[in-house]
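Biologist: Could you walk me through this one? I'm new to reading models.

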Amino acid sequence: MAQQKCDNCGQVITKKEIQHSLLKGYRPITCNNCGTVHQIKEISKLIIAMLVTFPVVLLVLLLSTAIGLSGIQTFVVGLIILAITIVSLPFIAKYELAKNHEL
Ligand SMILES: [Zn+2]
């Protein structure tokens, strides 16, 4: 998986920085080296929204009734899916230079 880099100076944006940004509602990432602000691409937001909601909804609506999971079991499995999704999000999220109207 290609590493995310600053569009301006090539400084690597770490997975940790991306994760922080995502958990704080797609907060823009400022490059440590040159201060260039990057924001998440709109398409990434869309993909993430689907990845976060779709497996959980699928689980709750279909699997839990099909397998006969109890409420607490569904909740635990849902949390595990959510955790896996959050860990994998930095690989999915793509950032681009911030546009002026956002700042
Ligand atoms: Zn930079």
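Modeller: Sure, and let's start with S88. With 12 other C-beta atoms within 10 Å, S88 is exposed (buried means 20 or more such atoms, exposed 12 or fewer, partly exposed in between, with C-beta atoms placed from the backbone). Bear in mind that this is a predicted model, where local features need pLDDT of at least 70, side-chain atom pairs count only at pLDDT 80 or more, and totals for chains, interfaces and linings use all residues. Residues are numbered from 1 along each chain as its sequence is written.

Biologist: Which helix is the place of S88?

Modeller: Helices here are DSSP runs (H or I, at least four residues), numbered from the N terminus. S88 has its place in helix α3.

Biologist: How do α2 and α3 run, roughly parallel or roughly antiparallel?

Modeller: The axes of α2 (residues 42–68) and α3 (residues 71–92) come within 10 Å and cross at roughly 160°. Axes are lines fitted to C-alpha atoms over the stretch in contact, with angles from 0 to 180 degrees between N-to-C directions. Under 35 degrees counts as roughly parallel, over 145 as roughly antiparallel, 65 to 115 as roughly perpendicular and the rest as oblique. So α2 is, relative to α3, roughly antiparallel.

Biologist: Which residues does I29 touch?

Modeller: Contact means C-beta atoms, placed from the backbone, within 7 Å. Leaving out residues up to four places away in sequence, I29 touches I13, E17, I18, S21, H38 and Y95.

How values were computed
Helix = DSSP H or I, 4+ residues; strand = E, 2+ residues; numbered from the N terminus. Contact = placed C-beta atoms within 7 Å.
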